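The following exercises are to be worked with the sequence and the model in view. Each task is followed by a solution in steps.

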Amino acid sequence: ASGSEENDVVVIGGGPGGYVAAIKAAQLGLKTTCIEKRGALGGTCLNVGCIPSKALLHSSHMYHKAKHSFASHGVKFDSIEVDLPAMLAQKDNAVGNLTKGIEGLFKKNKVNYVKGYGKFLSPSEVSVDTLEGGNTVVKGKNIIIATGSDVKSLPGITIDEERIVSSTGSLSLKEIPKKLVVIGAGYIGLEMGSVWGRIGSEVTVVEFAPDIVPTMDGEIRKQFQRFLEKQKMKFMLKTKVVSVDTTASSVKLTLEPAAGGDQTILEADVVLVSAGRVPFTAGLGLEKIGVEIDKAGRILVNERFATNISGVYAIGDVIPGPMLAHKAEEDGVACVEYIAGKEGHVDYDMVPGVVYTHPEVASVGKTEEQVKALGIDYRVGKFPFLANSRAKAIDDADGLVKILAEKETDKILGVHIMAPNAGELIHEAVLALQYGASSEDIARTCHAHPTMSEALKEAAMATYDKPIHI
Ligand code: FAD
């Protein structure tokens, strides 16, 4: 435990924002303590978010490929089945190893780790109810709030994590549900819907809004929805869930058109509520020290991640901005650099977003809708993976690259990639955007052949001139 010695930095929360901030602070020579209530480091992302979901997406994708595409590649076998306990165990194993890995990093960097629930006594003191029982007070010259976010529930729907599950329950279902209804067509709903759909569930996604993933470029989104429909995912858009009845053996959802009208009943074995996430500050005592929050409960900070209370900072999901692990990490590093008297910088316009379905959808910068709304004169360059030799060679050619560049200067404004490995391909575009590159800069950069990355080069050529291969 920390004792009463004063720290330079105390971080409340050991998620990607908090643990990265703590390690960075220690690396900068600051005496640092990180407080985490979960009993494991890595936060939402590692324990019940990014990592377990990607483990299951990979396992389910392998099964689906084996079942539906291996034969056409000349790989045949007699039978194939899902061993769900083994699938879940490999996910748990990955999570367990990674959380222990962060503990190792804490030791290596001499970050003091206190397991327990932290709450403010004053702007420089945190009282911790420790997991082993008892209480300790941790003092710090600077305190960083990195308490993250929690599942958002919907009025009238009680999550029991068995039949009505949040994303957390959806990562550990004991059986493959015959019928899975997903409420909310954001990236978490589509990823978890994909997992269970690939291994046998009939998946229906109910969404109040007229579109899936509202932040996505409209043209990409339309094609994306078609690919998901091809995988038998059903969509009920502009539809409101009025109530959920769990009294019978199957769950009955009463639905209504968003604009009003006749109600219908939809049956499900399991319902996944994935209607977004809310900042988590319960029990933290923010009122006590007077930290300002907005209407959505997010902690307000300036460009240096400082709250209105001197010495108290906040980063990650608990402040405004994209609720993503890599954004939380960037916040953490920059915040600590400021505390150490250096400069830090996070540009939220350069934060890539990835949906890890198949194909994946990755984007950075502006959508065509945003560029239009800003009244910028622009050009669009597109290249389909159907014309990319590597994608054809491996018979996985659903998707495209779309680049938006300013008409006059050719400066890249946004890049959108839908491809099996779009989440990896996007980083060339992130770098280009970060360095203020033009599409011609990408087009004149030599790309290895045959790679999926060549599609980005060709889309760049198409932006200011003509592509070669289409
Ligand atoms: P968190 O990760 O939420 O960590 C906060 C930590 O603080 C928690 O461990 C909590 O226990 C602890 N804490 C809270 N209050 C206290 C207290 N008072 N005292 C002590 N400890 C406290 N993002 C991506 O970028 N890519 C993805 O693929 C991705 N997939 C996701 C899939 C799912 C199913 C979910 C739910 C989320 C996913 N996310 C993904 C989002 C990502 O998990 C979050 O953006 C990220 O975890 C935010 O990091 P954070 O450090 O701000 O908060």
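**Exercise 1. The annotated span**

Characterise residues 8–332 by the distance between their ends and by their helix and strand content. In this predicted model, the end C-alpha atoms of the span lie 15 Å apart. Helix makes up 32% of residues 8–332 and strand 26%. The UniProt record, an unreviewed entry, assigns to these residues the feature "domain: FAD/NAD(P)-binding".

**Exercise 2. The overall chain**

Determine how the radius of gyration of the protein chain stands against that of a compact globule. A compact globule of 470 residues would have a radius of gyration near 23 Å. The protein chain has 24 Å, and therefore agrees with that value. Its C-alpha atoms fill a box of roughly 65 × 60 × 50 Å along the principal axes. The chain has 14 helices and 21 strands.

**Exercise 3. The ligand shell**

Identify the residues that come nearest to the ligand, and the elements that give two or more residues to its shell. Of the 36 residues around the ligand, Gly 13, Gly 15, Gly 43, Gly 148 and Gly 316 come nearest. Among the elements that give two or more residues are helix H1 (16–27), strand E2 (32–36) and helix H2 (43–48). By class, the shell has 15 nonpolar, 17 polar and four charged residues.

**Exercise 4. A helix pair**

Describe the crossing of helix H3 (residues 50–68) and helix H6 (residues 187–198). The two axes come within 8 Å and cross at roughly 35°. The crossing is left-handed. Residues of H3 including Ser 53, Leu 56 and His 64 meet residues of H6 including Glu 191, Met 192 and Arg 198. The contact residues divide into five nonpolar, five polar and two charged.

Technical notes: Residues numbered from 1 in each chain as written. Predicted model: local features only at pLDDT ≥ 70, side-chain atom pairs only at ≥ 80, totals over all residues. Axes fitted to C-alpha atoms, helices over the stretch in contact; angles between N-to-C directions. Helix = DSSP H or I, 4+ residues; strand = E, 2+ residues; numbered from the N terminus. Left-handed = near helix turned anticlockwise from the far one by under 90°. Contact = placed C-beta atoms within 7 Å. Nonpolar A, V, L, I, M, F, W, Y, C, P; charged D, E, K, R; others polar. UniProt positions renumbered as here; feature names shortened; annotations may be inferred. Near = placed C-beta within 6 Å. Rg over C-alpha atoms; globule rule 2.2 N^0.38 Å.
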